[in-house]
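Please open the structure in your viewer and keep the selection tool at hand. The tour below goes from one selection to the next and says what is found at each stop.

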Amino acid sequence: MGLSRRFFFALFALLRYEVNLGFLERPLSVGFIWGAITGEWQMALSLAVFHELLWLDLFPAGTYIPPNGVLSLLLCLVVAGRFNLPSPDLLAVPLLLVLPAALCGAQLEYLLRKRENRQYNAILHWGRQPGDDRVLPAKIVRSSLLWHGFAQFLLFVAWSLVLDVTIRIFASAFGYIPRVSGVMWGHLWFVAGLGGILSLRIRRAYVVFVFSLAAGVAALVVI
């Protein structure tokens with residue numbers, strides 16, 4: 001099952017830039033497909049909502065490469081299945097541990113783009129002499145797809161091992177996997193929802209959010 005999950009990520013990582021099929025590369029879409037395949041609907045969709053909201057403010061514009069939310073989502077699903085973490089209080093710490101992976105995913109895509117820039121002159125040469133079959137766009141595209149898929153697969157394997165070792169160290173040191181008591185999915189979605197608020201780009205929305213949050217905290221204190 002672990003191998004299939006790594007391949008699953010490598011496949012969907014290609015949908016970010018190499019094969020554009022709309023919103024299939026988004027965490028919500030991947031979570032829905034994962035739930036349909038595995039039957040883990042509640043876990044997959046709950047984690048997908050968290051990662052979708054968290055990175056909602058960061059989207060590709062110009063040369064900017066946003067964090068790879070699908071990577072962190074699938075790493076969470078792997079951790080939840082491997083260590084039997086069915087509830088949000090047990091997943092709160094692993095969720096923090098996988099966030100840097102999304103940034104690493106974006107950095108890897110940047111390095112892969114730099115590598116592909118070397119093909120620019122080859123494309124120009126082919127365009128000027130289209131009869132020259134030594135360098136064909138099809139070969140370049142095929143090579144790019146293979147490199148991207150292989151690199152993303154290795155990245156997922158590496159981060160899976162890092163998480164596995166880290167959680168085992170925590171469990172060995174504390175005698176149990178750290179948990180945050182009282183945390184529910186709603187709490188995690190609320191924290192991740194800050195990304196959705198920021199994505200509005202409207203100052204009034206920020207003000208309303210801050211006042212609403214302050215009023216909610218005050219009401220809890222009074223009660």
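**First stop: P137 and its surroundings**

Select P137 and show its surroundings: leaving aside residues up to four places away in sequence, P137 touches I123 and W126. Bear in mind from here on that this is a predicted model. P137 belongs to helix α7, and its relative accessibility of 28% places it among the partly exposed residues, because that class runs between the 20% and 50% limits. If you draw a distance from the C-alpha of P137 to the C-alpha of I123, you should read 6.9 Å, although the two residues are 14 residues apart in sequence.

**The whole chain**

Now zoom out and colour by secondary structure, which comes to nine helices and zero strands in the protein chain. How much of the chain counts as buried? Of its 223 residues, the buried ones make up 39%. When contacts with a separation of 6 or more are considered, 73% of them join residues 24 or more positions apart.

**Helices α4 and α7**

Next, select residues 69-82, which form helix α4, together with residues 137-174, which form helix α7; the two pack at an angle of about 45°, and their axes are 10 Å apart. The two helices are therefore described as oblique to each other, and α4 passes α7 in a right-handed crossing. To see the contact itself, show the side chains of L71, L74, L75, V78, V79 and R82 on α4, and then those of L155, F156, W159, S160, L163, D164 and I167 on α7. If you colour these contact residues by type, you will find ten nonpolar, one polar and two charged.

**Helices α3 and α4**

Keep α4 on the screen and add α3, which packs against α4 at an angle of about 145°, with the axes again 10 Å apart. The crossing of this pair is right-handed. On the α3 side the contact is made by M43, A44, L47, A48 and H51, while α4 contributes G69, S72, L73, C76, L77 and A80. Here the contact residues divide into eight nonpolar, three polar and no charged.

Between α3 and α4 there is a loop, and N68 is found in it. Is N68 buried or exposed? With a relative accessibility of 0%, N68 counts as buried, because the limit for that class is under 20%. A distance drawn between the C-alpha atoms of N68 and P27 comes to 9.1 Å, even though these residues lie 41 residues apart along the chain.

**A buried serine in α3**

Go back to helix α3 and select S46, which has its place there. S46 has a relative accessible area of 7% and is therefore buried. Which residues does S46 touch, once those up to four places away in sequence are not counted? They are W41, W185 and W189.

**The largest nonpolar core**

For the last selection, turn to the largest nonpolar core, which has 37 residues, and pick out M43, L47, L74, L75, L77, L85 and L91, the members with the most contacts inside it. The elements that give two or more residues to this core are α2 (27-38), α3 (41-54), α4, α5 (88-116), α7 and α8 (185-199). Which element gives the most to this core? That is α4, with ten residues.

Notes. Residues are numbered from 1 along each chain as its sequence is written. This is a predicted model: local features need pLDDT of at least 70, side-chain atom pairs count only at pLDDT 80 or more; totals for chains, interfaces and linings use all residues. Side-chain values use heavy atoms; hydrogens and water are left out. Axes are lines fitted to C-alpha atoms, for helices over the stretch in contact, and angles run from 0 to 180 degrees between N-to-C directions. Helices (H or I, at least four residues) and strands (E, at least two) are DSSP runs, numbered from the N terminus. Angles under 35 degrees count as roughly parallel, over 145 as roughly antiparallel, 65 to 115 as roughly perpendicular and the rest as oblique. A crossing is left-handed if the near helix is turned anticlockwise from the far one by less than a right angle, and right-handed if clockwise. Contact means heavy atoms within 4.5 Å. Ala, Val, Leu, Ile, Met, Phe, Trp, Tyr, Cys and Pro count as nonpolar, Asp, Glu, Lys and Arg as charged, and the others, Gly among them, as polar. A nonpolar core is a set of buried Ala, Val, Leu, Ile, Met, Phe, Trp, Tyr and Cys residues joined through side-chain atoms within 4.5 Å. Buried means under 20% relative accessible area, exposed over 50%, partly exposed in between (1.4 Å probe, protein chains only).
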